[in-house]
Amino acid sequence: MTSLAFVSLLLVTSLVSTATAQGGIGSCCRHISNTQVHRELLKSYYVQHQPSCNLHVVVFTTLKDKRICSAPSKLWTQTSMAFLDGKNWHHQHTTSQQQHH
């Protein structure tokens, strides 16, 4: 019986550490938001995938660290992702040029 309890504890610990490493189940978006903010107020984004979380959404983080869970098919989502990608590319490109001079 003791080994069964140990194996159960080990399994639970493994599941919790995996969920924590992936941002935790508690950090999953559970609803799609219709919120649209000005792109200049966005800091970053990532794509939330299944099966870790139930919804396939794009999660934006604002400069004030608020999260917006948006549908990937929405025009606002796509243009905001492109804006942030371009902003990040420009920042990386500018930093790279400054290091070479």
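**Exercise 1. Which side chain makes a polar contact with the side chain of serine 33, and where is serine 33 found?**

Step 1. Start with the side chain: serine 33 makes a polar contact with the side chain of threonine 35, at 2.9 Å. A polar contact is a pair of N or O atoms within 3.5 Å; within protein, one must be able to donate a hydrogen and the other to accept it, and residues adjacent in sequence count only if both atoms are side-chain atoms.

Step 2. Place the residue: serine 33 is in the loop between helix H1 (2-21) and strand S1 (42-48). Helices (H or I, at least four residues) and strands (E, at least two) are DSSP runs, numbered from the N terminus.

Step 3. Look further along the chain. Leaving aside neighbours within four places in sequence, serine 33 is in contact with Ile68, Cys69, Ser70 and Lys74. Contact means heavy atoms within 4.5 Å.

A word on what you are viewing: this is a predicted model, in which local features need pLDDT of at least 70 and side-chain atom pairs count only at pLDDT 80 or more, while totals for chains, interfaces and linings use all residues. Residues are numbered from 1 along each chain as its sequence is written, and side-chain values use heavy atoms, with hydrogens and water left out.

**Exercise 2. What is the mean pLDDT of the protein chain, and over which residues does pLDDT stay under 50?**

Step 1. Recall that pLDDT is the predictor's confidence in each residue, from 0 to 100. The mean for the protein chain is 77, and 61% of its residues reach 70 or more.

Step 2. Now find the weak stretch: pLDDT stays under 50 over residues 9-23, for which the model has three contacts beyond four places in sequence. Where pLDDT is low, the predicted coordinates should not be read in detail.

**Exercise 3. Which cysteines are joined by disulfides, and which parts of the chain do they tie together?**

Step 1. Count them: a search of the whole structure finds two disulfides. A disulfide is taken here as a pair of cysteine sulfur atoms within 2.5 Å.

Step 2. Take one pair. Cysteine 28 is joined to cysteine 53, with S to S 1.8 Å. Cysteine 28 lies in the loop between H1 and S1 and cysteine 53 in the loop between S1 and S2, so this link ties together parts that are 25 residues apart in sequence. The angle about the S-S bond of cysteine 28 and cysteine 53 is -60°, and the link is left-handed.

Step 3. Take the other pair. Cysteine 29 is joined to cysteine 69, with S to S 1.9 Å. Because cysteine 29 lies in the loop between H1 and S1 and cysteine 69 in strand S3, the pair ties together parts that are 40 residues apart in sequence. The torsion about the S-S bond of cysteine 29 and cysteine 69 is about -70°, so the disulfide is left-handed.

Step 4. Write the pattern: counting bonded cysteines along the chain, it is 1-3, 2-4.

**Exercise 4. Is cysteine 29 buried or exposed?**

Step 1. Set the limits: buried means under 20% relative accessible area, exposed over 50%, and partly exposed in between (1.4 Å probe, protein chains only).

Step 2. Apply them. Cysteine 29 counts as buried because its relative accessibility is 3%. Its partner, cysteine 69, is buried too, with a relative accessible area of 10%.

**Exercise 5. Which side chains meet in a salt bridge?**

Step 1. The structure holds one salt bridge, meaning a side-chain nitrogen of Lys or Arg within 4 Å of a carboxyl oxygen of Asp or Glu.

Step 2. Lysine 43 and aspartate 65 are the partners, at 2.4 Å from N to O. Lysine 43 is in strand S1 and aspartate 65 in the loop between S2 and strand S3 (67-70), so to speak distant parts of the chain, 22 residues apart.

Step 3. At 38% relative accessibility, lysine 43 counts as partly exposed, whereas aspartate 65, at 52%, counts as exposed.

**Exercise 6. Which residues make up the largest nonpolar core?**

Step 1. A nonpolar core is a set of buried Ala, Val, Leu, Ile, Met, Phe, Trp, Tyr and Cys residues joined through side-chain atoms within 4.5 Å.

Step 2. The largest one has seven residues: Leu42, Val58, Phe60, Ile68, Trp76, Met81 and Leu84. Strand S2 (57-62) and helix H2 (75-100) are the elements that give two or more residues to this core, and H2 supplies the largest share, three residues.
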